[in-house]
Amino acid sequence: MEKNQKLIQWVKEWETRCQPKSVHWCDGSEKENQELLDLMVQSGAAIKLNEEKRPNSYYFQSDPSDVARVENRTFICSEKEEDAGPTNNWCAPAEMKEILTGYFDGSMKGRTMYVIPFSMGPLGSEIAHIGIQITDSPYVVVNMRIMTRMGQQVLDILGDKDFVPCVHSLGAPLQEGQQDSKWPSAPIEDKYISHFPDTNEIWSYGSGYGGNALLGKKCFALRIASNMAHRQGWLAEHMLIMGITNPKGVKKYIAAAFPSACGKTNLAMLIPTIPGWKVETVGDDIAWMKFGDDGRLYAINPEAGFFGVAPFTSMETNPNAMLSCRANTIFTNTGLTPDNDIWWEGIGYDIPEGTITWTNEKYDAANRKPAAHPNARFTAPAYQCPAIDKDWENPKGVPISAILFGGRRPGTLPLIYQSFDWNHGVFMGSIAGSEVTAAAIGLKAGVRRDPFAMLPFCGYHMGDYFAHWVKTGVTAPDSSKLPKIFNVNWFRKGSDGKFLWPGYGDNIRALAWIFDRVEGTVDAVQTPIGFIPKKEDINIAGLDGIESKMDEILKVDANEWVAECDLIAENYGQFGDRLPKEMTEQLEKLKARLA
Ligand code: O2Y
Ligand code: MN
């Protein structure tokens, strides 16, 4: 059948190990997809939603113990421990493979083993890469069909070339006659999300949820791809990609990195509140970037769908996301209404009487349990987004003019500041983070640094990753064509504890300044931390009561920044001699400018 001998051998090896009852090679067809969905409806794993309200869409409830990525069960298994760095859990590859071989032994008994050929990136793009995922989860297959380009056409392109082998098992073998559960998975202590960067392999065991199981996303497109990019001289980043067109019809693309749960999907799909501006979406989560023949940095979205957070997505906060999931969508862990539609907190209308929660109980406002899990998701095809960019599948990618970093910072950071140069921009990325107040979730209160929003996703030593960014600036074919770098902070609060900036569609007002800086049509004020806008250059027309807040919104307080420098130095300490000297220099220069 297939001529890729490595692939055939590899599938055989895993079939022997996992002992499934059958093996199914996914062709990605509509028929195959429907058969899998029907199978899951019959088994009780899925519910078909109301065809009138939510055409061709399905509803799933996960096991309550399997609801999100599990960072403490995620491992980078590089040969040398020091190559994983202080921000990753490490285990020696041989040791991890021995442990996991034991777990995988017979792990697919009673189940079908699916072989999913998938492309991260437009088929045939020079920036794209092919993976093959083995899984015993039909839920994973139907999700991968939305999130990636999947099926026979990928095998046709693969030929006898290399691929990234991704193995996944739910870790729930079925004994003869045993009734399956609605969401099979293994207990938390038996879950392993393991990456082998030296051999480009992924072995994931015990979880059926999101980033743990849809291996093309965080595991491949970020943790393994960041290693490939490091070796090969490109960038694999946790960044949205958007096109912005100004009222004169000039268009530019930007990429933006924000920690998880900072509104990346909302920004990628923003509807501008100032007339004449247009935003179009290329991707909402991941960017792969390479220099093109013209010396500019080009980005593709390696994904083909959105795995978006449902709660608090509404026609008011993100109409484009709501319209993206209007049909042909998989919903996981939302509430389910009596007429078989979905509902979640913040959807913008009252909960219908008789709604069932994600834990399959009748919703009862009195017991304070939400209808949707806070990490409930919709898996929706990207082409359904009304704002999808015409070049979102361009195999060449789109040229990036600006890169943004950001996080949730109630103090210290102004709405926008621009770096003085590339290395200063790398420094800005390296110190990004969010302020954590939620001691309740087991984190120490304070600034949680999330460099480049890659803390959970950088598959190698973070110090080497900073050095890779520095090197990208040095080796760029034409340094004058490098993207300009900015930091944004939508989350600054006033003394009353309220957000100063309105956010959402009004973020275009900050993006417009960034656009004009890239165009070279607007001046800036030089401060110790970088260039900030002149107050009058931010368009605040139509925003009630904002004028009096603009000083506070753009404030750079030297005392706050001196304290920030101490925190940066403390955080940098963990990287030891792998911290590039350029970052230490940037910190010293910042201190000198503040003095
Ligand atoms: O909880 C999960 O498994 C999903 S995590 C996720 C999904 C889509 C986009 N970003 C993220 C993230 O954690 O950054
Ligand atoms: Mn993400």
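In this predicted model, the manganese ion (ligand 2) is coordinated by Lys 218 through NZ, by His 238 through NE2 and by Asp 285 through OD, at 2.2 to 2.3 Å. Along the sequence these donor residues follow the spacing K-x19-H-x46-D. His 238 sits in the loop between strand S12 (235-237) and strand S13 (239-245), while Asp 285 sits in the loop between strand S15 (278-283) and strand S16 (287-291), so the pair ties together parts that are 47 residues apart in sequence. Are these two residues, His 238 and Asp 285, buried or exposed? Both of them are buried.

The account now turns to ligand 1. There are 14 residues around ligand 1, and those that come nearest are Arg 69, Gly 211, Lys 218, Ser 260 and Asn 375. Lys 218 thus appears in this group and also among the donors of the manganese ion. Asp 285 likewise has a part in both places: it is a donor to the manganese ion, and an N or O atom in its side chain is 3.3 Å from a nitrogen atom of ligand 1. Two further polar pairs involve oxygen atoms of ligand 1. A polar side-chain atom of Arg 69 lies 2.9 Å from one such oxygen atom, and a polar side-chain atom of Asn 375 lies 2.8 Å from an oxygen atom of the ligand. On its own, ligand 1 has 360 Å² of accessible area, and the protein covers 92% of it. Helix H7 (210-213) and helix H8 (216-232) each supply at least two residues of the shell around ligand 1.

Another residue to examine is Thr 332, which belongs to strand S19 (residues 330-332). Its relative accessibility is 0%, and it therefore counts as buried, since the cut-off for that class is under 20%. Which residues are in contact with Thr 332, once its neighbours within four places in sequence are left aside? They are Phe 60, Tyr 139, Trp 183, Tyr 209, Ala 376 and Arg 377.

One of these contacts, Tyr 139, leads to helix H5, where Tyr 139 is among the buried residues. H5 is mostly covered, with nine of its 10 residues buried. The buried residues are Pro 138, Tyr 139, Val 140, Val 141, Val 142, Asn 143, Met 144, Ile 146 and Met 147. Pro 138 is found in this helix, which comprises residues 138-147. Pro 138 has a relative accessible area of 18% and is buried. Apart from neighbours within four places in sequence, Pro 138 is in contact with Leu 36, Met 40 and Tyr 114. A separation in sequence can also be set beside a distance in space: Pro 138 and Pro 386 are 248 residues apart in sequence, and their C-alpha atoms are 29 Å apart.

Helix H13 (residues 508-519) permits a simple check of geometry. How far should its 12 residues span, at 1.5 Å a residue? The expected span is 16 Å, and the end C-alpha atoms are 16 Å apart, which agrees. H13 is also mostly covered, as nine of its 12 residues are buried. Among them are Ile 508, Leu 511, Trp 513 and Phe 515, together with Arg 509 and Arg 517. The helix is followed by Gly 520, whose phi is positive, near 80°.

The loops offer further points of interest. Most residues other than glycine have a negative phi. Against this background, Asn 200 has a positive phi, near 55°, and Asn 328 has a positive phi of about 50°. Asn 200 is found in the loop between strand S10 (192-196) and strand S11 (201-205), and with a relative accessible area of 18% Asn 200 is buried. Asn 328 is found in the loop between helix H10 (319-324) and S19, and with a relative accessible area of 28% Asn 328 is partly exposed.

The last stop is Thr 355, in the loop between strand S21 (342-343) and strand S22 (377-381). Thr 355 has a relative accessible area of 1% and is buried. A polar atom of its side chain lies 2.7 Å from the backbone oxygen of Pro 352. Not counting residues up to four places away in sequence, Thr 355 touches Gly 335, Leu 336, Thr 337, Pro 338, Glu 361, Lys 362 and Tyr 363.

Definitions and conventions:
Residues are numbered from 1 along each chain as its sequence is written. Chains are lettered from A and ligands numbered from 1 in the order in which they are written. This is a predicted model: local features need pLDDT of at least 70, side-chain atom pairs count only at pLDDT 80 or more; totals for chains, interfaces and linings use all residues. Side-chain values use heavy atoms; hydrogens and water are left out. Helices (H or I, at least four residues) and strands (E, at least two) are DSSP runs, numbered from the N terminus. The expected span of a helix is 1.5 Å times one less than its number of residues. Buried means under 20% relative accessible area, exposed over 50%, partly exposed in between (1.4 Å probe, protein chains only). Donors are N, O and S atoms within 2.8 Å of the metal (3.2 Å for Na, K and Ca); water is not among the atoms, so sites may look incomplete. Contact means heavy atoms within 4.5 Å. A residue is near a molecule or strand if one of its heavy atoms lies within 4 Å of it. A polar contact is a pair of N or O atoms within 3.5 Å; within protein, one must be able to donate a hydrogen and the other to accept it, and residues adjacent in sequence count only if both atoms are side-chain atoms. Accessible areas come from the Shrake-Rupley method with a 1.4 Å probe; for residues, only the protein chains shown count as cover.
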